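This report describes a single model, going from one helix contact to aromatic rings and then to individual residues. Please keep the sequence and the structure in view while reading.

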Amino acid sequence: MRRVVVGAVLAAAVVGVAACGGSDSSDGSSSGGSSTAKAADANKHVNIAHFVAIQANPVEQVIIKSAKDTGKANNATVTTFDSNNDVQRELANCQDAIASKKYDAFILKAVSGPPLIPCARAAMAAGIPVVVQGTALGPKQTTEPQVEGIVGSSITLSTTNGVAVADLTNKACEKAGATPCKVIYLFGPVAFDYASITRKTFNDTVKSKYANIKVVAQAAANFDPDTAAQQARQLLQVHPDVNVVVNDCDPCAVATEKVVADLHKDKILTVGAGGSKVGVDAIKAGKQFGDTVILPATEAKAATLMAIKAARKQDVGDTTIDVTADLSPVGTIVDSSNVDKYKPEW
């Protein structure tokens with residue numbers, strides 16, 4: 001993380017007026033008034049526009065609630081703009097929010113990072129500070145601002161998740177004791193940046209770090225448990241000697257576990273991603289080997305606090321947060337060794 005201080009100088013203009021016998025009293029009143037004004041400004045009510053990718057998603061619902069709760073606890077109103085996974089709609093929402101002149105700061109959770117750069121620039125040109133949440137705003141997977149003037153980022157990097165999926169798969173392969181370790185990988189929707197970059201990072205990491213892992217089949221499950229179950233059943237018929245089935249979503253992993261049980265392939269280990277309650281419950285029950293961590297409520301809280309402080313021209317603090325790497329109590333992976341220390345947020 002990089003510490004960045006947003007300069008916030010609250011200055012009261014004091015006009016010195018020479019008046020007989022009145023200088024001491026006047027100075028004292030100005031000083032007291034300035035302190036009172038600073039205290040009021042430090043907690044003034046602010047309005048935050050929160051742009052989300054798709055409100056219907058259960059993870060997004062946690063994000064929305066966390067942002068609103070954080071705002072309420074800090075004298076701020078957070079208004080949600082749902083993009084319904086549509087970049088053009090998100091751009092239109094951004095333009096409407098700027099035109100309304102109602103908002104003191106933006107939290108921008110992009111459907112896709114690079115296309116939303118004009119939104120951020122337009123907001124900043126209108127004097128609205130912008131905080132990036134969830135998805136990197138730019139072509140690079142980094143928490144460092146890629147657009148000049150961005151206040152900061154609270155991001156769940158898909159590259160961090162992709163490496164975690166690969167590392168967890170390797171741990172499962174070590175548990176399976178197979179050489180080579182044969183893996184089926186079921187990935188999320190390729191149109192969604194987070195899923196597509198996670199997939200690429202997983203494959204690249206396996207290729208570069210884990211020579212023992214052989215990915216024998218891949219298929220899109222699109223974060224849908226029914227699709228995951230169907231794909232797993234078909235692929236396990238073609239590759240009956242698989243050791244590990246990897247899923248990019250927890251409900252998909254649960255569906256896959258049922259298929260494995262139905263086929264009486266008890267030695268196959270399953271891996272999930274998302275750090276959800278269903279994943280944690282499956283680990284505790286011994287049905288799932290492990291999971292990767294996602295902390296949607298923590299991500300939204302950090303972004304909202306950043307936006308509120310920026311709106312009040314206060315020190316924002318940490319501005320390059322990779323949420324799972326920097327804020328998770330257990331790191332990027334949860335399994336039987338640390339599951340009791342991990343509290344799922346969705």
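Helix H3 meets helix H4 through Leu91, Cys94 and Ile98 on the H3 side and Cys119, Ala122 and Ala123 on the H4 side. Sorted by class, this contact has six nonpolar residues, no polar ones and no charged ones. The model is a predicted one. Helix H3 covers residues 87-100 and helix H4 covers residues 117-125; their axes come within 9 Å and cross at roughly 5°. Two packed helices are described by the angle between their axes and the distance between the axes. Angles under 35 degrees count as roughly parallel, and H3 and H4 are therefore roughly parallel to each other.

**The chain as a whole**

The protein chain has eleven helices and twelve strands. How much of the chain counts as buried? Of its 346 residues, 50% do. Among contacts in the protein chain with a separation of 6 or more, 71% come from residues 24 or more positions apart.

**Aromatic rings**

A pair of aromatic rings is described by the distance of the centres and the angle of the planes. For rings whose centres lie within 6.5 Å, the count comes to five aromatic pairs. One of these joins phenylalanine 81 and tyrosine 103: the ring centres are 5.7 Å apart and the planes stand at 80°, so the pair is edge-to-face. This pair links distant parts of the chain, as phenylalanine 81 belongs to strand E2 (residues 76-82) and tyrosine 103 to the loop between H3 and strand E3 (105-108), 22 residues apart. Both phenylalanine 81 and tyrosine 103 are buried. The rings of tyrosine 185 and phenylalanine 187 have centres 6.1 Å apart and planes at 45°, so this pair is tilted.

Tyrosine 185 is buried, and phenylalanine 187 is buried too. Phenylalanine 187 also has a charged neighbour: arginine 199 lies over the face of its ring, at 3.9 Å from the ring centre. Phe81 and Tyr103 appear again in an aromatic cluster, which they form together with Phe51 and Phe106.

**Residues in loops and in a helix**

The table lists accessibility for several residues, with the place of each one.

| Residue | Place | Relative accessible area | Class |
|---|---|---|---|
| Threonine 135 | loop between E4 and E5 | 11% | buried |
| Asparagine 75 | loop between H2 and E2 | 32% | partly exposed |
| Aspartate 86 | loop between E2 and H3 | 35% | partly exposed |
| Lysine 258 | helix H8 | 55% | exposed |
| Lysine 101 | loop between H3 and E3 | 76% | exposed |

Threonine 135 sits in the loop between strand E4 (130-134) and strand E5 (152-155). Which residues does threonine 135 touch, not counting residues up to four places away in sequence? They are Ala110, Gly113 and Ile155. Buried means under 20% relative accessible area, and threonine 135, at 11%, is therefore buried.

Aspartate 86 lies in the loop between E2 and H3. Its C-alpha atom is separated by 7.5 Å from that of alanine 53, while the two residues are 33 residues apart along the chain. Lysine 258 is found in helix H8, which spans residues 250-262. The C-alpha atoms of lysine 258 and lysine 287 are 9.2 Å apart in space, with their positions 29 residues apart in sequence as the separation.

**Backbone details**

Asparagine 75, in the loop between helix H2 (58-73) and E2, has a phi near 55°, a positive value in a residue other than glycine. Lysine 101 also has a positive phi, of about 55°, although it is not a glycine. Lysine 101 belongs to the loop between H3 and E3, the loop that also holds tyrosine 103. Exposed means over 50% relative accessible area, and lysine 101, at 76%, therefore counts as exposed.

Where is proline 180 found? Proline 180 is in the loop between helix H5 (158-176) and strand E6 (181-187). The peptide bond that joins threonine 179 and proline 180 is cis, with omega about -10°.

Definitions and conventions:
Residues numbered from 1 in each chain as written. Predicted model: local features only at pLDDT ≥ 70, side-chain atom pairs only at ≥ 80, totals over all residues. Heavy atoms only, no water. Axes fitted to C-alpha atoms, helices over the stretch in contact; angles between N-to-C directions. Helix = DSSP H or I, 4+ residues; strand = E, 2+ residues; numbered from the N terminus. Parallel < 35°, antiparallel > 145°, perpendicular 65-115°, else oblique. Contact = heavy atoms within 4.5 Å. Nonpolar A, V, L, I, M, F, W, Y, C, P; charged D, E, K, R; others polar. Phe/Tyr/Trp six-rings, centres within 6.5 Å; stacked < 30°, edge-to-face > 60°. Buried < 20%, exposed > 50% of the residue type's maximum accessible area, 1.4 Å probe, protein only. Lys NZ or Arg CZ within 6 Å of the ring centre and 35° of its normal.
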